[in-house]
Amino acid sequence: DQRLLENGEKGPDWDGWDPNLPIVLLMGGSQGLGPLWKVMWTLQRSDLALQLVVLCGHNDHLYRRLKRREHLFHMKTTLLPFTEDVAKWMTRATVLVTKAGGMTTAEALIQGLPLLLVDPIRGQETSNADFLTEIGAAEKAHHAEEVVVLIRELLSQPAKLETMRRASEQWRRPHAASQIAHFLLSL
């Protein structure tokens, strides 16, 4: 199943993926920051029936550590270093587990992807997390074990996931960059 994206490109190769199981996308922004290691292993040890995609960004150390332990994974898991194909992975994900960075959360809003925000960094990320939970597009988790609890809740409540998708879509601004550029040029 290689679903076509809005721009006509194909998404990632989905051979071997179970279309009946949810896909949880784990990200730590382009730098692969945040509690990715702990969240990934907590999910691996859980009894959740799901598939994982872990985008490690530029965190080569994390990517290599996970790759060396890939034989220990009990659920279908794809590990990737930095990729330009984030939007393609987001098209298929059921939920995104990430820190509350601006670029990642903006991409998720554009894709209508429900967010599970883990331990936001004080400052801008805390503000982003507060805003996204207030509008209903995200849930917040303070630690890896809470991620498992919240994913279990979300996967058992398809209506809530759909409400989160709609909230994301309501606030997305896919053409914001060009609108800002046009505004600045008009000044």
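Reader: Which residues make the nonpolar surface patch of about 470 Å²?

Author: Ile180, Phe183, Leu184 and Leu187 make it. Bear in mind that this is a predicted model. Ile180 sits in helix α8, residues 176-186.

Reader: Why is Ile180 called exposed or buried?

Author: Exposed means over 50% relative accessible area. Ile180 has 51%, so Ile180 is exposed. Patch members need over 30% relative accessible area. Ile180, at 51%, therefore clears that cut-off too.

Reader: What makes the strands one sheet, and what is their order?

Author: The order is β3-β2-β1-β4-β5-β6, in an open sheet of 6 strands with parallel pairing. β3 (77-80) and β6 (138-141) are the edges. Each has a single partner strand, so one side of each lacks a neighbour in the sheet. On average, neighbouring strands are turned by 20° against each other, direction ignored. Strands of a sheet pair through backbone hydrogen bonds.

Reader: How do you know that β5 and β6 pair?

Author: Pairing takes at least two bridges. β5 (residues 115-118) and β6 have 4 bridges, so they count as paired, in the parallel sense. Leu115 has Ala138 of β6 as its bridge partner. Helix α5, residues 124-134, lies across β5 and β6. Its angle to β6 is about 130°.

Reader: Which strands does β1 pair with, and how do you know?

Author: The bridge counts settle it. β1 (residues 23-27) is joined to β2 (residues 51-55) by 5 bridges. To β4 (residues 95-98) there are 3 bridges. At least two are needed, so β1 pairs with β2 and, by that cut-off, therefore with β4. Both pairings run parallel. Val24 stands opposite Leu52 in β2, and Leu25 stands opposite Leu96 in β4.

Reader: Why is β1 called mostly covered?

Author: 5 of its 5 residues are buried. Buried means under 20% relative accessible area. Both faces of β1 are covered. Ile23, Leu25 and Met27 are on one side, and Val24 and Leu26 on the other. In a regular strand the side chains alternate between the two faces of the sheet.

Reader: What class does Thr94 fall into, and why?

Author: Buried. Thr94 has 14% relative accessibility, and the limit is under 20%, so the label holds. Thr94 lies in the loop between α3 (86-92) and β4. Leaving out residues up to four places away in sequence, Thr94 touches Pro22, Ile23, Leu113, Pro114, Leu155, Leu161 and Arg165.

Reader: Why is Trp171 called exposed, buried or partly exposed?

Author: Buried ends under 20% and exposed starts over 50%. Trp171 is at 37%, in between, so Trp171 is partly exposed. Its place is in helix α7, residues 158-171. Its contacts beyond four places in sequence are Phe131 and Ile135. Trp171 and Gly112 are 59 residues apart in sequence, yet 9.2 Å apart in space, C-alpha to C-alpha.

Reader: What makes the Asp47 and Arg152 contact a salt bridge?

Author: The nitrogen must lie within 4 Å of a carboxyl oxygen. Here N to O is 2.9 Å, and the side chains of Asp47 and Arg152 meet that limit. Asp47 is in the loop between α1 (36-45) and β2, and Arg152 is in helix α6 (residues 144-155), so the pair ties together parts 105 residues apart in sequence. Asp47 is exposed at 63% relative accessible area. Arg152 is partly exposed at 39%.

Reader: How many salt bridges does the structure hold?

Author: There are 8. Side chains of opposite charge can pair when their charged atoms come close. Among the salt bridges is Lys67 with Glu70, the closest N and O atoms being 3.3 Å apart. Lys67 is partly exposed at 34%, and Glu70 is partly exposed at 28%. A network of salt bridges links Glu162, Arg165 and Arg166.

Reader: How do you know that Asp85 and Lys88 form a salt bridge?

Author: Their closest N and O atoms are 3.7 Å apart. The cut-off is within 4 Å, so the pair qualifies. Asp85 is partly exposed at 32%. Lys88 has 17% relative accessible area, under 20%, so Lys88 counts as buried.

Notes
Residues are numbered from 1 along each chain as its sequence is written. This is a predicted model: local features need pLDDT of at least 70, side-chain atom pairs count only at pLDDT 80 or more; totals for chains, interfaces and linings use all residues. Side-chain values use heavy atoms; hydrogens and water are left out. Axes are lines fitted to C-alpha atoms, for helices over the stretch in contact, and angles run from 0 to 180 degrees between N-to-C directions. Contact means heavy atoms within 4.5 Å. Patches are made of residues with over 30% relative accessible area and no salt bridge: like charges are joined within 9 Å, nonpolar side chains (Val, Leu, Ile, Met, Phe, Trp, Tyr) within 5 Å. Accessible areas come from the Shrake-Rupley method with a 1.4 Å probe; for residues, only the protein chains shown count as cover. Buried means under 20% relative accessible area, exposed over 50%, partly exposed in between (1.4 Å probe, protein chains only).
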